[in-house]
Amino acid sequence: MPAHSSAIVDRTAPSASDQATERVLRADVHTAVSQLLGERRLLTPGVEDEERIRTIIREQIIASQRRAASTNAPLLTDPQATEQRLVDDVLGLGILQPYMLAPDIEEIICNGPNRIFVIADGQKRLLPDLYFEDDDELRQLVKRLVGPLGRRLDETSPMVDARLPDGARLNAAIPPATTRWCAVTIRKFILRAHSLEELVSLGTLSNSAAQFLDAAVQAGLNLLVSGPTGSGKTTLLNALGTAIASLDERVITVEEVAELQLEGRLPDCVGLQARGSNVEGIGAIHIRDLVRNALRMRPTRIVVGEVRGAEALDMLLAMNTGHEGSLTTIHGNSARDALERLVTLAMMAEERLSGEALTKMVARTIDLVVHVQFDPQSGQRRITSIFEVTGLEGTTLIGQELWTLAPTHERLSWTGTQPRCLAKFAAKGVPYSLPLSEEAVSVRLS
């Protein structure tokens, strides 16, 4: 099990007297800030507003210390720590803010006010000394975070999913959607690599596999990235997307929560993002709507952050109508599972195409499935398979493993199987040579 990063530092809990004083200060600060800025500006403070808030907090602490000194009450033992906690409470995520700033923290989970977990290097850790005063404090924090985003959290809308300004995804649920407490999950978006070369340096894939995937993207193969939650699918998708470097390429990205960073790295790229309904229950923009709209924007390729519903059919149709080289991700435990799930999701579309027709469409459309896994023992995310779809055998999708993690190897290696897609490489004029034959490993295909 990997050692926890030094970035995870438990804050020393304030003394009982400091906690009581902070509770009063927190109420006074919120009242003063609301009177000065108003509730709406408090939700989205500017730089000048933030400085004014910090000034208010300092003044309140100084006044509190003077009152305590004049009445022989206990002084704050650490005024600076109190000031930072109050700043975090007004401008940040309160007691969660230090863990949002810690670079190795991937996820924060609050099962009510008293059970808070963090995940770092794939390992979950309970923070027994970290807690909210009560469930209402946790709930009010969520409301403050999602309010500026046009979302709400109440009994009529007890679940919310939102993207915070720093790219983190927040999901929260309250009764009656939960049995008792407010449950909050904050998943930070940590993009550890921006290119295939950087993934090689991280040990996610081998150099020969990176060269093959780069050539596959250049040749316009349709790629499906699969893997379980938190395995690094989005990071891999982003790295594959950066290989689309030609000025002739117009790329449209479609995401439920904007995480890809291709707009700033590709010469012609436009990002589209889904949106939930507003307080009145209108204005929702669904992934399927965006995929259809992307087709009207004259793209050469479409990149969908993740297919998880009926938009799978639109993605398949886009790949079949002149948008070769499109990319997407899907949840799956293996490459074959991912292909089967893609068929199942496409069947959810209102067009109600048969499973047989959709299986044929997937066989004709998807060229490669790149599967990525998280290894809890090493704390490393690795590509474990590059699977080539070769067609149908009856009504079953068939294919061949091109690169895999062999039992006796710790890195992704070529299986020795010659890819059928080399013909597409040649047709598109993409130079590529297979690894040396002695690098191939013997594997038993499942």
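In this predicted model, the end C-alpha atoms of helix α3 (residues 47-70) are 35 Å apart, which agrees with the 34 Å that its 24 residues should span at 1.5 Å a residue. The buried residues of α3 are Asp49, Ile53, Ile56, Ile57, Ile61, Ser64, Gln65 and Ala68. Several of these positions can be read against helical periodicity: an α-helix has 3.6 residues a turn, so residues three or four places apart point the same way. Beyond the helix comes asparagine 72, which follows α3 and has a positive phi, near 60°.

An open sheet is formed by six strands in the order β3-β2-β1-β6-β5-β4, with antiparallel pairing. Strands β3 (123-126) and β4 (159-163) occupy the edges, and because each has a single partner strand, one side of each is left without a neighbour in the sheet. From one strand to the next, the twist averages 15°. Within this sheet, strand β1 (residues 105-111) is joined to strand β2 (residues 116-120) by five bridges, the two running antiparallel, and glutamate 107 stands opposite isoleucine 119 in β2. Helix α6 (residues 135-146) lies across β1, β4, β5 (169-173) and β6 (183-187), and the direction of α6 makes an angle of about 135° with β5.

A further set of pairings involves strand β11 (residues 327-331), which is largely enclosed by the rest of the structure, because four of its five residues are buried. Strand β7 (residues 223-227) pairs with β11 in the parallel sense over five bridges, and the bridge partner of leucine 224 is threonine 328 in β11. Strand β10 (residues 301-304) also runs parallel to β11, to which it is joined by two bridges; here valine 303 has leucine 327 of β11 as its bridge partner. Between β10 and β11 the chain passes through helix α11 (residues 311-319), and the resulting β-α-β crossover is right-handed.

Confidence in the prediction varies along the chain, for which pLDDT averages 85, with 90% of the residues scoring at least 70. The highest confidence is found in β7, at a mean of 96, whereas the lowest is found in helix α2 (residues 39-43), at a mean of 51. Two further stretches call for caution. Over residues 1-10, pLDDT stays under 50, and the model has 22 contacts beyond four places in sequence for these residues. Over residues 442-446, pLDDT likewise stays under 50, and five contacts beyond four places in sequence are present in the model.

How values were computed:
Residues numbered from 1 in each chain as written. Predicted model: local features only at pLDDT ≥ 70, side-chain atom pairs only at ≥ 80, totals over all residues. Heavy atoms only, no water. Pairing = 2+ DSSP bridges. Axes fitted to C-alpha atoms, helices over the stretch in contact; angles between N-to-C directions. Contact = heavy atoms within 4.5 Å. Buried < 20%, exposed > 50% of the residue type's maximum accessible area, 1.4 Å probe, protein only. Right-handed = clockwise from strand over helix to strand, strands pointing away. Expected span 1.5 Å × (residues − 1). pLDDT = per-residue confidence, 0-100.
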